[in-house]
Amino acid sequence: MQVLKNQSVEPIQGRKKVKYTDMGNIKEIMCIEKLNVNGFPIKKISKNEYVILETGEIKEYSFHAENRVQNKEALRRTFKKIRELINTNFIGAKNELAFTITYKENMIDPKQLYKDFEKFIKRLRYKYPDIDYMSVVEPQGRGAWHCHVLLRFNNLEKVYIPNKEVAELWGHGFVNVKAISKDVDNLGAYLSAYLGYVEIDNNLNELVSLGVVKPGQTFKIKEVEVNGKQKKFIKGGRLHLYPVGMNIYRCSRGIKPPKVTYMPYDEVKKIVGAVTPDYSTKIKIFDDNGKEINSITYENYNMKRVNNK
């Protein structure tokens with residue numbers, strides 16, 4: 001099977017059934033061209049098997065990923081879910097903060113990181129009882145880990161906590177506390193994009209020595225504007241540093257998933273209004289003989305941009 005992305009996007013037919021994901025300011029439409037009565041073509045039934053819903057035929061997965069780079073589809077789903085959870089639960093309000101917590105030493109044990117983080121959250125909740133959080137771990141090339149944390153203080157209208165106070169609660173190294181910028185209108189994309197990227201300075205040899213880039217490796221470069229400056233990143237360059245089976249993110253019970261409904265496309269358009277999507281793409285799926293067997297169209301709407309126009 002072959003998958004080709006970023007194909008020319010044709011308009012979705014009005015009565016076509018679509019999946020509508022409501023994340024607050026961000027709305028996403030997904031349309032599968034050939035949709036069976038059960039909704040989606042396949043369903044995972046075990047670690048090793050999936051069922052083709054249209055025929056009932058049970059198949060085995062062709063391989064198990066030995067690392068996260070091999071299993072790109074699983075990583076894509078994970079980072080997509082991270083973006084959705086962030087956009088659904090955090091909007092850059094005055095009662096929200098972003099923490100980055102690191103270790104003084106080269107701490108390379110992710111299990112220890114989670115143990116330390118759980119103790120940190122308990123100490124934080126002792127001082128600020130009504131909080132919800134989402135944490136995402138990020139690996140460095142030298143093997144060390146640090147953690148990004150988004151927090152919402154539910155019983156406060158506005159919050160400020162100095163770095164020193166958070167560092168004392170953490171107790172293992174350095175912290176960086178920031179208010180979430182209200183100017184960022186797609187917080188999930190803004191924060192999650194860097195988890196798999198590696199910033200490029202002028203010294204690629206250092207990235208090779210750290211194991212981030214392999215000698216002779218080819219990679220895609222993505223330019224991103226950060227604080228008004230254009231920076232270059234290796235797209236997906238950090239993905240191989242995540243161990244197989246590791247939980248990349250965790251969140252508290254108060255973090256809610258986006259609202260997902262299935263309805264005709266023209267009904268969704270009544271909700272988002274007569275505006276063009278901020279982003280759209282089409283994925284075509286071919287069988288081993290090169291015959292197109294399905295296609296998936298995505299549309300993304302940023303209502304914050306629409307309301308600011």
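Me: Two strands count as paired if DSSP finds at least two bridges between them. In this predicted model, which residue in S9 stands opposite Pro139?

Reply: Start with the strands. S8 covers residues 131–139 and S9 covers residues 145–153. They pair in the antiparallel sense over nine bridges. In S9, the residue opposite Pro139 is Trp145.

Me: In what order do the five strands of the open sheet lie?

Reply: The pairing in this sheet is antiparallel. Its edge strands, each paired on one side only, are S10 (175–179) and S14 (249–251). Neighbouring strands are turned against each other by 15° on average, direction ignored. The order is S10-S7-S9-S8-S14.

Me: Which residue in S14 is the bridge partner of Ser135?

Reply: S14 is an edge strand. S8 and S14 pair in the antiparallel sense over three bridges. For Ser135, the bridge partner in S14 is Arg250.

Me: How many of the residues of S8 are buried?

Reply: Buried means under 20% relative accessible area. One side of S8 carries Ile131, Tyr133, Ser135, Val137 and Pro139, all buried. The other side carries Asp132, Met134, Val136 and Glu138, also buried. Both faces are covered, and the count for S8 is nine of nine.

Me: What angle does the direction of helix H2 make with that of S8?

Reply: H2 spans residues 110–127 and packs on the sheet. Among the strands H2 touches are S7 (96–101), S9 and S14. S8 is touched by H2 as well, and their directions make an angle of about 155°.

Me: Which residues have the most contacts inside the largest nonpolar core?

Reply: Nonpolar side chains tend to be buried together in soluble globular proteins. Here the largest nonpolar core has 43 residues. H1 (72–89), S7, H2, S8, S9, H3 and S10 each supply at least two of them. Those with the most contacts inside the core are Phe99, Phe120 and Leu124.

Me: Leaving aside neighbours within four places in sequence, which residues is Phe120 in contact with?

Reply: Phe120 is one of the residues with the most contacts inside the largest core. Another of these is Phe99, which Phe120 contacts. With sequence neighbours within four places left aside, the full set is Phe99, Ile101, Val166, Leu169 and Trp170.

Me: Why do the buried residues of H3 line one face of the helix?

Reply: An α-helix has 3.6 residues a turn, so residues three or four places apart point the same way. In H3 (residues 163–170), the buried residues are Glu165, Val166, Leu169 and Trp170. Their cover includes S7, H2 and S10. They line one face because, seen down the axis of H3, they fall within an arc of 135°.

Me: Which exposed residues does the face of H3 turned away from its buried side carry?

Reply: H3 lies across S7 and S10, running at about 135° to S10. Exposed means over 50% relative accessible area. On the face turned away from the buried side, the exposed residues are Lys164 and Glu168.

Me: Is Asn95 buried or exposed?

Reply: Asn95 sits in the loop between H1 and S7. A polar atom of its side chain lies 3.4 Å from the backbone oxygen of Leu156. Beyond neighbours within four places in sequence, its contacts include Leu151, Phe153 and Val159. The relative accessibility of Asn95 is 13%, under the 20% cut-off, so Asn95 counts as buried.

Definitions and conventions
Residues are numbered from 1 along each chain as its sequence is written. This is a predicted model: local features need pLDDT of at least 70, side-chain atom pairs count only at pLDDT 80 or more; totals for chains, interfaces and linings use all residues. Side-chain values use heavy atoms; hydrogens and water are left out. Helices (H or I, at least four residues) and strands (E, at least two) are DSSP runs, numbered from the N terminus. Axes are lines fitted to C-alpha atoms, for helices over the stretch in contact, and angles run from 0 to 180 degrees between N-to-C directions. Contact means heavy atoms within 4.5 Å. A nonpolar core is a set of buried Ala, Val, Leu, Ile, Met, Phe, Trp, Tyr and Cys residues joined through side-chain atoms within 4.5 Å. Buried means under 20% relative accessible area, exposed over 50%, partly exposed in between (1.4 Å probe, protein chains only). A polar contact is a pair of N or O atoms within 3.5 Å; within protein, one must be able to donate a hydrogen and the other to accept it, and residues adjacent in sequence count only if both atoms are side-chain atoms. The arc is that of the directions from the helix axis to the C-beta atoms.
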